[in-house]
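Thank you for making the time this morning. I would like to walk you through one structure, going from a single residue to the chain as a whole and then back to a few details.

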Amino acid sequence: MTRQPIRLSRRAALTGAAALPLAATLTDTARAGADMQGVGFAPWTRVKLGTFEVTTLLAGSRSGDDPHATFGLNVSDKEFAKVSQAANIPADKAQSFFTPTLVNTGAELILFDTGLNAEGTTAALSAAGYSPDQVDRVVLTHMHPDHIGGLMRGGAPTYANADYVTGAVEFDAWDMSGDETFEAQMRPLADQTEFVEDGASVASGITAMAAFGHTPGHMVHMLESEGKRLLIGGDFTNHYVWSLAYPDWEVRFDRDKAMAAKTRRRLLDMLATDKIPFIGFHMPWPAIGYVESRGDGYHYVPHSYQLLL
């Protein structure tokens, strides 16, 4: 016997729906909407490099107006707007990120830069599974406040068990400056600090490299483990479009603008040619990416999963 399909008339269907309990018919419409949470980011990202674990720490993020007052000082408003539009970013607003980096070599836990303040960096450090007293060494790329602002907290070192490393040229340049942040944050730690030159080893597998221009003695650091390399770039390039893609664009915070542009081109060419990933303190979170040559400039390619495997 062939079973016939059941067919309901429109009237029967409507009658059946009407017979359902009222609560069942109102389930979707009566449910309150979830509260908006606002935009946000996870505070850490961890990748591997050979035997190293490398963790970027989101110490802070903020938006600001009129980025052309900071980037591309030597180009017109029209050119700045054209480049921004092509990159799908607004020309009148920018999002800044502040990203210290934590490297676990297996023998030492090394923090590169300390953020605007101790609270932001230690909160991200804690979320990543570490405490400040576990940090063995703090390496400073340069002395701008957003890089040394977290060295001290309440008059005491934030990283109580650490020693410190920074460039000799950089420290000397700020030594007589009278800068308040330098005096409050760096000066108390000077006796515990090792001052290094270009090519110095700051730890096994980590080499300091001169990258002058942004500040007089700005340094970057090359990590190498099991034949794999990654550059901790500090502020040698400060925006993935308005600085990296156009390395000759002047940046307000670069002390020596011509030298900074020359340094950008030298390092970006190395990264693109050798396909070395890098971490930029102000790159889009999680601040890890690659560089490709593009015309007379470069193109930023965010890390996807290359350093997870």
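Where does aspartate 254 lie? Before I answer, please keep in mind that what you are looking at is a predicted model. Aspartate 254 lies in the loop that runs between strand S15, residues 228-232, and helix H9, residues 257-274. Although this is a loop residue, aspartate 254 counts as buried, because its relative accessible area is 3%, and the cut-off for buried is under 20%. Leaving aside residues up to four places away in sequence, aspartate 254 touches Gly213, His214, Ala260 and Arg264.

The last of these neighbours deserves a closer look. The side chains of aspartate 254 and arginine 264 meet in a salt bridge, with 2.9 Å from N to O. Since aspartate 254 sits in the loop between S15 and H9 while arginine 264 belongs to helix H9, the pair ties together parts that are ten residues apart in sequence. Arginine 264 is buried, just as aspartate 254 is.

Let me now step back to the whole chain. The protein chain has nine helices and 18 strands, and of its 309 residues, 47% count as buried. If we take the contacts with a separation of 6 or more, 67% of them are between residues 24 or more positions apart. The chain exposes about 15,700 Å², and 53% of that area is supplied by carbon and sulfur atoms.

How many salt bridges does the count come to? The count comes to nine, and I will go through a few more of them. Arginine 187 and aspartate 175 are joined through their side chains at 2.6 Å, N to O. This pair links distant parts of the chain, twelve residues apart, with arginine 187 in the loop between helix H8 (180-186) and strand S11 (193-196), and aspartate 175 in helix H7, residues 168-175. Both ends are partly exposed, arginine 187 at 29% relative accessibility and aspartate 175 at 22%.

A further salt bridge brings us back to the elements on either side of our opening loop. Aspartate 274 forms a salt bridge with arginine 229, and the closest N and O atoms are 3.7 Å apart. Because aspartate 274 is in helix H9 and arginine 229 in strand S15, this pair ties together parts that are 45 residues apart in sequence. Here, too, the partners count as partly exposed, with 38% relative accessibility for aspartate 274 and 31% for arginine 229.

Next, I would like to turn to strand S18, where tyrosine 298 is found. Is tyrosine 298 buried or exposed? With a relative accessibility of 9%, tyrosine 298 counts as buried. Setting aside residues up to four places away in sequence, tyrosine 298 touches a list of residues that includes Leu244, Pro247, Arg265, Leu268 and Val291. The C-alpha atom of tyrosine 298 is separated by 8.8 Å from that of valine 241, although the two residues are 57 residues apart along the chain.

If we follow the chain past strand S18, residues 297-302, we come to another tyrosine, tyrosine 305, in the segment after that strand. Tyrosine 305 is exposed, with a relative accessible area of 52%. Together with Leu308 and Leu309, Tyr305 forms a nonpolar patch on the surface, and the accessible area of these residues together is about 360 Å².

Finally, let us look at helix H4, residues 77-86, and ask which of its residues are buried. They are Phe80, Val83 and Ser84, and because they cover an arc of only 100° around the axis, they lie on the same side of H4. The general background is that an α-helix has 3.6 residues a turn, so residues three or four places apart point the same way. The face of H4 turned away from that buried side carries the exposed residues Lys78, Lys82, Gln85 and Ala86. Just after H4 comes asparagine 88, which takes a positive phi of about 65°.

To close, I would ask you to take two residues away with you: aspartate 254, buried in its loop at 3% relative accessible area, and tyrosine 305, exposed at 52%.

Definitions and conventions:
Residues are numbered from 1 along each chain as its sequence is written. This is a predicted model: local features need pLDDT of at least 70, side-chain atom pairs count only at pLDDT 80 or more; totals for chains, interfaces and linings use all residues. Side-chain values use heavy atoms; hydrogens and water are left out. Buried means under 20% relative accessible area, exposed over 50%, partly exposed in between (1.4 Å probe, protein chains only). Helices (H or I, at least four residues) and strands (E, at least two) are DSSP runs, numbered from the N terminus. The arc is that of the directions from the helix axis to the C-beta atoms. Patches are made of residues with over 30% relative accessible area and no salt bridge: like charges are joined within 9 Å, nonpolar side chains (Val, Leu, Ile, Met, Phe, Trp, Tyr) within 5 Å. Accessible areas come from the Shrake-Rupley method with a 1.4 Å probe; for residues, only the protein chains shown count as cover. A salt bridge is a side-chain nitrogen of Lys or Arg within 4 Å of a carboxyl oxygen of Asp or Glu. Contact means heavy atoms within 4.5 Å.
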